[in-house]
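User: Hi! Could you walk me through this structure? I'd like to start with the fold and then look at the contacts.

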Amino acid sequence: MKDIYSAVKVSDHVYWVGAIDWTIRDFHGYTTPHGSTYNAYLVMADEITLIDTVKAPFMDEMLSRIKSIVDPAQIKYIISNHSEMDHSGCLPQVIDLVKPKKVFASVMGTKTLNELFHDQSEITAVKDGETLSLGNMELTFMETRMIHWPDSMFTYLAKDQLLFSQDAFGMHWATQERFADELPAANLEYEAATYYANIVLPYSPIVLKALDKVLATGWDIKIFAPDHGPIWRKDLGWIIELYKKWASQKPTAKAVVVYATMWHSTEKMARAISEALATAGIKVKLLSMNETHRSEVVYEVLNAGALIVGSPTLNNNILPQMADVMTYLKGLKPANLIGAAFGSYGWSGESVKDLEVWLKEMKVEIAAEAVSVKNVPDSDVLEKCAELGKKIAAELIRKTANS
Amino acid sequence: MKKYVCGVCGYVYDPAKGDSDNGVAKGTDFKDLPADWCCPICGADKSEFSPE
């Protein structure tokens, strides 16, 4: 059968040869309702070079796209910018098939790839700032450790003014369009923000340093070619400014109220808190973990100033849905948040104290006294919830006025 | 001698083990690490570390 897949030209010497995963819905706990792409790129230099590969089941699709341009056996070099399996899963098989002269990764990348696939001794480490001649053009490598794994690096192709940015500026969005300028800006912003919140957020201080490091190189970048989602070839400043905004995590006049409920008591409290916040002029997002995915919560927290969490007590603990989202949020390290806890209980009532411990461990500043109620809240308790909301609102207004 | 944790990636510097990849001998206290020593996993500098 004739190969059905084609490469897409990105710049004078670069082709997209990745794969579109229309059906993936879970990335290690991050839900991806719109699928994803695994982007690999072919540099048609004197020494033909493949930048990253794809997730293992998609190897044939990548090879098919490469074949539309050149016999894969002509590939001389393979660069692994990021060792995670969605970009390296088929690397050992591709090395066997293509038999490249050399395979390169960062110093940490060579270690990681050996730990993932074992016996990868032919992979050569490149250092930060090192260059590789492809004959008629040159690649420059830049370490970007912890954006978002220790092995991560960028590769710059000066000839085409193109930065292979691996997971930076990426998103999980399966589209037939290959370029960001072919897609609606609102969707791009939503998908890029969701990706940032679920993947990059804990490393925000490093993102700001990396952006400065790229600027300091003086590279005149015209294209960002990430490992997921569309390629940026117009108005790069737009996505750079969004990254700066998300990475700086300045407090905003927005509160996210996250709760789970058993018999709607904690829910009543959540509603009372939210109404009071909104009345005080705060933007509110109310999310029930009985219905909401953790990925959506962290997306909402990304541009929030307050995180208010509620849970009933179940068997001396918080509800498992709340334990899920608190574990996830703690790992993603949202910063500069104020918060409070609330919840209903039947007899022992540990949940609210437990939630406060979670918030403190996350370095969320407790800005209002917790509200806890035995069984169903009456009007006095709901008034206390409203007071909690007002107190958080006042503190948010004070903080955002100063920033 | 206390262990120190990297606030970026979670690596733990254990004075009893040192950091042989970067020429730090076993038994080196965290405060005696060179000023330009950085996390062997993620490259964060010493200021990102806190006692475990």
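Here is a chat about the sheet, the domains and the chain contacts.

Analyst: Happy to! Keep in mind that this is a predicted model.

User: Thanks. In what order do the strands of the open sheet in chain A run?

Analyst: The order is E1-E2-E7-E8-E9-E10-E11, which makes 7 strands with mixed pairing.

User: And which are the edge strands?

Analyst: Those are strand E1 (8-9) and strand E11 (123-126) of chain A, each pairing on one side only.

User: How do E10 and E11 of chain A pair, parallel or antiparallel?

Analyst: Strand E10 (residues 102-106) and E11 of chain A pair in the parallel sense, over 4 bridges. For one spot to look at, A:Phe104 has A:Thr124 in E11(A) as its bridge partner.

User: What does helix H4 of chain A lie across?

Analyst: Helix H4 (residues 107-117) lies across strand E9 (77-80), E10 and E11 of chain A. Relative to E10(A), H4 runs at about 110 degrees.

User: New topic: where are the domain bounds in chain A?

Analyst: The domain assignment gives domain 1 as 8-248 and domain 2 as 254-394. Their C-alpha centres lie 38 Å apart.

User: How much area is buried between domain 1 and domain 2 of chain A?

Analyst: About 1,100 Å², with carbon and sulfur atoms giving 65% of that. On the domain 1 side, A:Asn198, A:Leu201 and A:Pro202 supply 39% of the area buried against domain 2, more than any other three residues.

User: How many salt bridges and polar contacts are there between those two domains?

Analyst: The salt bridge count between domain 1 and domain 2 of chain A is 0, while 4 residue pairs are in polar contact across that interface.

User: Which element gives the most to the side of domain 1 that touches domain 2?

Analyst: That's H5(A), with 6 residues.

User: Okay, now chain B. How many residues of each chain are in contact?

Analyst: 9 residues of chain A contact 10 residues of chain B. The area buried between the two chains is about 620 Å², and carbon and sulfur atoms give 48% of it. A:Arg145, A:Met146 and A:Lys333 supply 47% of what chain A buries against chain B, more than any other three residues.

User: And how many salt bridges are there between chain A and chain B?

Analyst: There are 2 across that interface. One of them joins B:Glu48 and A:Lys209, with the closest N and O atoms 3.9 Å apart. Between the chains, 3 residue pairs are also in polar contact.

User: Which elements of chain A give two or more residues to the side that touches chain B?

Analyst: H4 and helix H6 (204-217) of chain A do.

Technical notes: Residues numbered from 1 in each chain as written. Chains lettered and ligands numbered in written order. Predicted model: local features only at pLDDT ≥ 70, side-chain atom pairs only at ≥ 80, totals over all residues. Heavy atoms only, no water. Pairing = 2+ DSSP bridges. Contact = heavy atoms within 4.5 Å. Axes fitted to C-alpha atoms, helices over the stretch in contact; angles between N-to-C directions. Domains from an automatic or database assignment. Buried area = accessible area lost by both parts, 1.4 Å probe. Salt bridge = Lys/Arg side-chain N within 4 Å of Asp/Glu carboxyl O. Polar contact = N/O pair within 3.5 Å; in protein donor to acceptor, adjacent residues only side chain to side chain.
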